[in-house]
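Trainee: Hey, have you got a few minutes to walk me through this one? I'd like to pick a spot and work outwards from there.

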Amino acid sequence: MVSELWNIGRLTALRKIIDKEVLKILEDSSQNGHYEVSELAKHIIMAGGKRMRPLLILLCYELAGGKNIEDIMPLAVAFEMIHSATLIHDDINDNAKLRRGVPTIHEKAGPVKAQITGDWLFVQGFGLGGIYDEKIVSIMAECCAKIASAELDQYRHIHDISTTPEDYFKIIEGKTAGPFSAGCEASAIVAKSDSKQISLMREFGLQVGVAFQIVDDLLDLIGDERTGKPKGSDILEGKMTLPLIHSLTMLQGPKRKRMEEMILKFNMTHWEELITMLESAGSIEYAKHLIDSHLDRALTILEEFPESNARKLIAEITQYVRERHD
């Protein structure tokens, strides 16, 4: 039983529990006649990933007073499957070649099978989430609806140099921060926590999620082989990330015009010039400052809860988000 490992208190052990549960669902589906789609899903899900969303759901559940990992594990796995579904769909939209260091599903099997695999994972995630009460299901449904709306917003802002910081934060709060927030909130509800703690969990997840996305923006600029994606992917795809938006705000005259030209017609020969201009505008440091600000808020929220092993591990995950860009 997975509950035998609940008190080990090591993130690596919890990741193994999550991987074991995800793999079991995929293998059971394969044996029940869904071999091809489950194998395609396995190709991406089991290729890696830090499992941050399900880890936070498990640990926030414990921090909010939950006692039985069996009660929360389906929700943790559900959010991981929904997250994986969004990655597959994003990769199709972006025509990405790699995910977690392996070929994306549409590269491996074509866009039709990739789309079907993403849809299948959404169904699997909702199937797991459906065992909970109506409030949890509603949180999950609204979370996924916001992901879709944010994806459309992001699409509308491709190569849009008029994109504002408000536009950016609306997008990332739907696509990235929203699932963090919804998962943490739902974990507290499953733990039968009080309304104050549920609200705190929701806000904690939001702050971590916002910081997580800004870190991803920076990693796209500085490169990080751990992501399994080449540097510059976002700007090549025309995405208006925070450092780009900030630079357009800060630069004036010819420098502003040159930044606009690079964003609209970027190629990798512009790389050093782009980074130099972002640094001169203070955009990279600005992004780092915002990361620290959101994570400090998240850690302050954690202090509202009693000291425990769960709180310590959640703080460790929060610090990991900070350290990803160092």
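Trainee: Okay, starting point: which helix does isoleucine 314 lie in?

Mentor: Isoleucine 314 is in helix H15, which covers residues 309–323. Keep in mind that this is a predicted model.

Trainee: And is isoleucine 314 buried or exposed?

Mentor: Buried, because its relative accessibility is 0% and the cut-off for buried is under 20%.

Trainee: What does isoleucine 314 touch, then, leaving out residues up to four places away in sequence?

Mentor: Its contacts are Leu56, Leu59, Cys60, Leu63, Phe204 and Leu302. You can also look across to glycine 183: isoleucine 314 and glycine 183 are 131 residues apart in sequence, and their C-alphas are 14 Å apart in space.

Trainee: Phe204 rings a bell. Which residues touch the most other members of the largest nonpolar core?

Mentor: Phe204 is one of them, along with Leu75, Ile214, Met259 and Leu274. That core has 104 residues, and helix H9, residues 195–222, gives the largest share with 13. As a general point, nonpolar side chains tend to be buried together in soluble globular proteins.

Trainee: Let's zoom in on leucine 274. What is leucine 274 in contact with, leaving aside neighbours within four places in sequence?

Mentor: Leucine 274 contacts Leu221, Ile235, Leu244, Met259, Met262 and Phe266.

Trainee: Switching topic: how many cavities of 30 Å³ or more are there in the whole structure?

Mentor: The search finds 2. The second largest holds about 30 Å³ of space.

Trainee: What lines the second largest cavity?

Mentor: Asp217, Asp220, Leu221, Asp234, Ile235, Thr241 and Leu244. H9 and helix H10 (233–236) each give two or more residues to that lining, and H9 has the largest share with 3. Some names should look familiar: Leu221, Ile235 and Leu244 line the cavity, and leucine 274 is in contact with Leu221, Ile235 and Leu244 too.

Trainee: How does the lining of that cavity split by class?

Mentor: There are 3 nonpolar, 1 polar and 3 charged residues.

Trainee: And pockets? What's the volume of the second largest pocket?

Mentor: About 270 Å³. It is lined by 16 residues, and Cys143, Lys146, Glu173, Gly178 and Ser181 are the closest to its centre. Helix H7 (134–156), helix H8 (165–190) and H9 each supply at least two residues of the lining. By class, that lining has 5 nonpolar, 4 polar and 7 charged residues.

Trainee: Any rings worth a look? How many aromatic pairs does the search find?

Mentor: It finds 3. One of them is tyrosine 168 with phenylalanine 169, an edge-to-face pair at 5.2 Å centre to centre, with 80° between the planes. Both of those residues are buried. Phenylalanine 266 and tryptophan 271 have ring centres 6.1 Å apart and planes at 70°, so that pair is edge-to-face as well. Phenylalanine 266 and tryptophan 271 are both buried.

Trainee: Last one, backbone stuff. What is the phi of asparagine 95?

Mentor: It's positive, about 55°, although asparagine 95 isn't a glycine. Most residues other than glycine have a negative phi. Asparagine 95 sits in the loop between helix H4 (69–94) and strand E1 (98–99), and arginine 100, in the loop between E1 and strand E2 (102–103), also has a positive phi of about 55°.

Trainee: Which of the terms fits arginine 100, buried or exposed?

Mentor: Arginine 100 counts as buried, at 16% relative accessibility, whereas asparagine 95 is partly exposed at 45%.

Conventions:
Residues are numbered from 1 along each chain as its sequence is written. Side-chain values use heavy atoms; hydrogens and water are left out. A nonpolar core is a set of buried Ala, Val, Leu, Ile, Met, Phe, Trp, Tyr and Cys residues joined through side-chain atoms within 4.5 Å. Buried means under 20% relative accessible area, exposed over 50%, partly exposed in between (1.4 Å probe, protein chains only). Helices (H or I, at least four residues) and strands (E, at least two) are DSSP runs, numbered from the N terminus. Contact means heavy atoms within 4.5 Å. On a 1 Å grid over the protein atoms alone, a cavity is a set of points where a 1.4 Å probe fits but cannot get out, and a pocket is an open set with protein on both sides within 12 Å along at least five of seven lines; lining residues have an atom within 4 Å of a point. Grid points are joined across faces, edges and corners, and a volume is the space filled by probe spheres set on the points. Ala, Val, Leu, Ile, Met, Phe, Trp, Tyr, Cys and Pro count as nonpolar, Asp, Glu, Lys and Arg as charged, and the others, Gly among them, as polar. Rings of Phe, Tyr and Trp (its six-membered ring) pair if their centres lie within 6.5 Å; planes under 30 degrees apart count as stacked, over 60 as edge-to-face and the rest as tilted.
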